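Visitor: I should like a close look at a single part of this model, the open sheet, with enough of its setting to place it.

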Amino acid sequence: MKYILLPLGYKKSISPMFIIGNLIGSGIKPEVAPALATAIINVIPENGISENGFLKLILQNLPEDARKRFITLDVMKKFLVSPKSKSPLFMFLGGFTGKTFLTSYVQQHLGINRVIAMDDEKYSVREREPESKHLWKATYEERDVFEKTVQSLYPRIKERLETNMHDYESHKKWTFFWEGIYFTSDVIIRLQKDFPEAEFFSVLLIPPFEQIKERYIIRWMNELGRKYVQQNQDKIEEYIGNVGHIKEVIMNNLPESGTVVLSD
């Protein structure tokens with residue numbers, strides 16, 4: 001067992017899993033990170049290593065680009081838990097296919113332990129607005145369902161962000177990861193105005209529309225049945241048109257929101 005030597009005589013045991021996530025977050029390929037982590041830890045003396053010594057040891061084994069990313073992540077976290085910072089980092093992941101997979105990947109490799117799924121928040125809003133029929137429909141089911149749902153969800157989003165801010169002030173929970181299709185550029189702009197002291201980083205997954213269309217059709221075949229899709233082409237075309245409208249709404253005012261778009 002190898003150790004990091006802490007103040008007041010304490011020791012923190014470390015294993016390759018202790019740093020694999022940080023290595024991957026810095027740009028090291030996932031298939032390379034375990035071996036590199038093992039090699040780094042094997043160099044640590046049996047009687048332990050200081051925190052500064054451990055950091056230097058990691059940096060010595062990283063290529064230049066990964067070294068810069070590693071330091072950036074470390075400094076960012078230290079800033080966000082310091083008295084100089086007034087807000088946690090809010091990370092928003094929106095757009096279409098791949099959100100759940102990417103959320104799991106980022107959560108694991110950046111050590112994020114506060115993930116909020118907007119689909120779950122939608123259930124809470126349903127209880128508050130039982131008369132709002134749009135909250136019981138799929139986003140693509142009618143042309144205006146998506147926009148109405150976003151409007152209904154915004155007070156809940158704001159409420160949860162206020163709770164997150166309290167958790168930060170009280171316990172220094174330094175990052176919160178939100179995931180859901182309902183994060184439009186206009187929602188991000190609105191949050192920036194309502195929380196001017198907060199730090200935001202928003203990403204949208206927007207592949208080419210043909211890929212979006214294909215994934216939705218596969219989803220409908222799974223949910224509604226292949227026969228339904230084959231026999232209701234007019235309805236499917238209507239749904240596809242509604243999905244195209246959702247994309248337009250999501251990306252409206254994109255430059256003003258400072259959002260990053262991933263298309264691959």
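Visitor: Before the sheet itself, among contacts in the protein between residues at least 6 apart in sequence, what percentage join residues at least 24 apart?

Guide: The model is predicted, so local features need pLDDT of at least 70 and side-chain atom pairs count only at pLDDT 80 or more, while totals for chains, interfaces and linings use all residues. Residues are numbered from 1 along each chain as its sequence is written, and side-chain values use heavy atoms, with hydrogens and water left out.

To your question: 73% of those contacts join residues at least 24 apart, a contact meaning heavy atoms within 4.5 Å. The protein has 12 helices and 8 strands; these are DSSP runs numbered from the N terminus, helices being H or I of at least four residues and strands E of at least two.

Three of the strands form an open sheet in the order β2-β1-β3, with mixed pairing; two strands pair if DSSP finds at least two bridges between them. The edge strands are β2 (11–14) and β3 (49–50), each of which pairs on one side only. Strand β1, residues 2–5, pairs with β2 in the antiparallel sense over 4 bridges. Within this pairing, Lys2 stands opposite Ile14 of β2.

As for the setting, the C-alpha atoms of the protein fill a box of roughly 70 × 40 × 35 Å along the principal axes. Of the 264 residues, 41% are buried, that is, under 20% relative accessible area with a 1.4 Å probe, protein chains only.

Technical notes: Buried < 20%, exposed > 50% of the residue type's maximum accessible area, 1.4 Å probe, protein only.
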